Amino acid sequence: MRILKIVIGLSLFFLGLGFLNWTNWIVKVNYWARKYVFCDRWLLFHRRKIGFVCLVLSIILLYMGFYK
């Protein structure tokens, strides 16, 4: 369970960084997951909010994985 929290935390951390910094990466992820998760219009208007939430969740999960 501890390893799972660390892996999910790291994944969310890099996902958050991608939403905040790497626009080309967002387009690639969006293309791959368009049918399952994302709506184009919603993603483009709320990318900073999504990135911030992913970073916060990753910090929480990484903390729980390493220190509990």
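These numbered points describe a predicted model of a single protein chain.

1. Overall make-up. The protein chain has four helices and zero strands. Read from the N terminus, the order of elements is α-α-α-α. Of the 68 residues in the chain, 28% are buried. The exposed area of the chain is about 5500 Å², and 71% of that comes from carbon and sulfur atoms. Among contacts with a separation of 6 or more, 69% join residues 24 or more positions apart.

2. Gly51 in helix α4. Gly51 belongs to helix α4, which covers residues 47–67. Is Gly51 buried or exposed? Its relative accessibility is 0%, and the cut-off for buried is under 20%, so Gly51 counts as buried. Outside the residues up to four places away in sequence, Gly51 touches Gly16, Phe19 and Leu20. The C-alpha atoms of Gly51 and Leu17 are 6.6 Å apart, although 34 residues separate the two along the chain.

3. Leu20, on the other side of that contact. Leu20 is part of helix α1, residues 2–21. From C-alpha to C-alpha, Leu20 and Gly51 are 5.7 Å apart in space, with their positions 31 residues apart in sequence. Apart from neighbours within four places in sequence, the contacts of Leu20 are Arg47, Arg48, Gly51 and Leu55. Leu20 has a relative accessibility of 26%; this value falls between the limits of 20% and 50%, so the residue counts as partly exposed.

4. Leu61, also in helix α4. Leu61 is another residue of helix α4. Which residues does Leu61 contact, leaving aside its neighbours within four places in sequence? They are Lys5, Ile8, Gly9 and Leu12. The C-alpha atoms of Leu61 and Ile6 are separated by 6.4 Å, and the two residues are 55 residues apart along the chain.

5. The two sides of helix α2. Helix α2 spans residues 23–33, and Ile26, Asn30 and Ala33 are buried in it. These three lie on the same side of α2, because the arc they cover around the axis is only 80°. An α-helix has 3.6 residues a turn, so residues three or four places apart point the same way. The face of α2 turned away from the buried side carries exposed residues: Asn24, Val27, Lys28, Tyr31 and Trp32.

6. Trp25. Trp25 also sits in helix α2. At 33% relative accessibility, Trp25 is partly exposed. Neighbours within four places in sequence aside, Trp25 is in contact with Phe14, Leu15 and Gly18. Trp25 and Leu15 are ten residues apart along the chain, and their C-alpha atoms are separated by 9.4 Å.

7. Aromatic pairs. How many aromatic pairs does the model contain? The count is two. One is formed by Phe13 and Phe14, whose arrangement is edge-to-face, at 5.6 Å centre to centre and 75° between the planes. The other pair is Tyr63 with Tyr67, where the ring centres are 5.3 Å apart and the planes stand at 40°, so the pair is tilted. The cut-offs matter here: planes over 60 degrees apart count as edge-to-face and those under 30 as stacked, so an angle of 40° falls in the tilted class.

8. Exposure of the paired rings. Phe13 has a relative accessible area of 29% and is partly exposed. Phe14 is also partly exposed, at 48% relative accessibility. Tyr63 and Tyr67 both lie in helix α4, four residues apart, about one turn of the helix. Tyr63 is partly exposed, with a relative accessible area of 47%. Tyr67 has a relative accessible area of 64%, over the 50% limit, so Tyr67 is exposed.

9. Nonpolar surface patch. Which residues make the nonpolar surface patch of about 440 Å²? The patch is made by Phe52, Val53, Val56, Leu57 and Ile60. Phe52 lies in helix α4. The relative accessibility of Phe52 is 57%, and the cut-off for exposed is over 50%, so Phe52 counts as exposed. Gly51, the buried glycine of point 2, is in helix α4 as well.

Key:
Residues are numbered from 1 along each chain as its sequence is written. This is a predicted model: local features need pLDDT of at least 70, side-chain atom pairs count only at pLDDT 80 or more; totals for chains, interfaces and linings use all residues. Side-chain values use heavy atoms; hydrogens and water are left out. Buried means under 20% relative accessible area, exposed over 50%, partly exposed in between (1.4 Å probe, protein chains only). Contact means heavy atoms within 4.5 Å. Accessible areas come from the Shrake-Rupley method with a 1.4 Å probe; for residues, only the protein chains shown count as cover. Patches are made of residues with over 30% relative accessible area and no salt bridge: like charges are joined within 9 Å, nonpolar side chains (Val, Leu, Ile, Met, Phe, Trp, Tyr) within 5 Å. A salt bridge is a side-chain nitrogen of Lys or Arg within 4 Å of a carboxyl oxygen of Asp or Glu. Rings of Phe, Tyr and Trp (its six-membered ring) pair if their centres lie within 6.5 Å; planes under 30 degrees apart count as stacked, over 60 as edge-to-face and the rest as tilted. The arc is that of the directions from the helix axis to the C-beta atoms.
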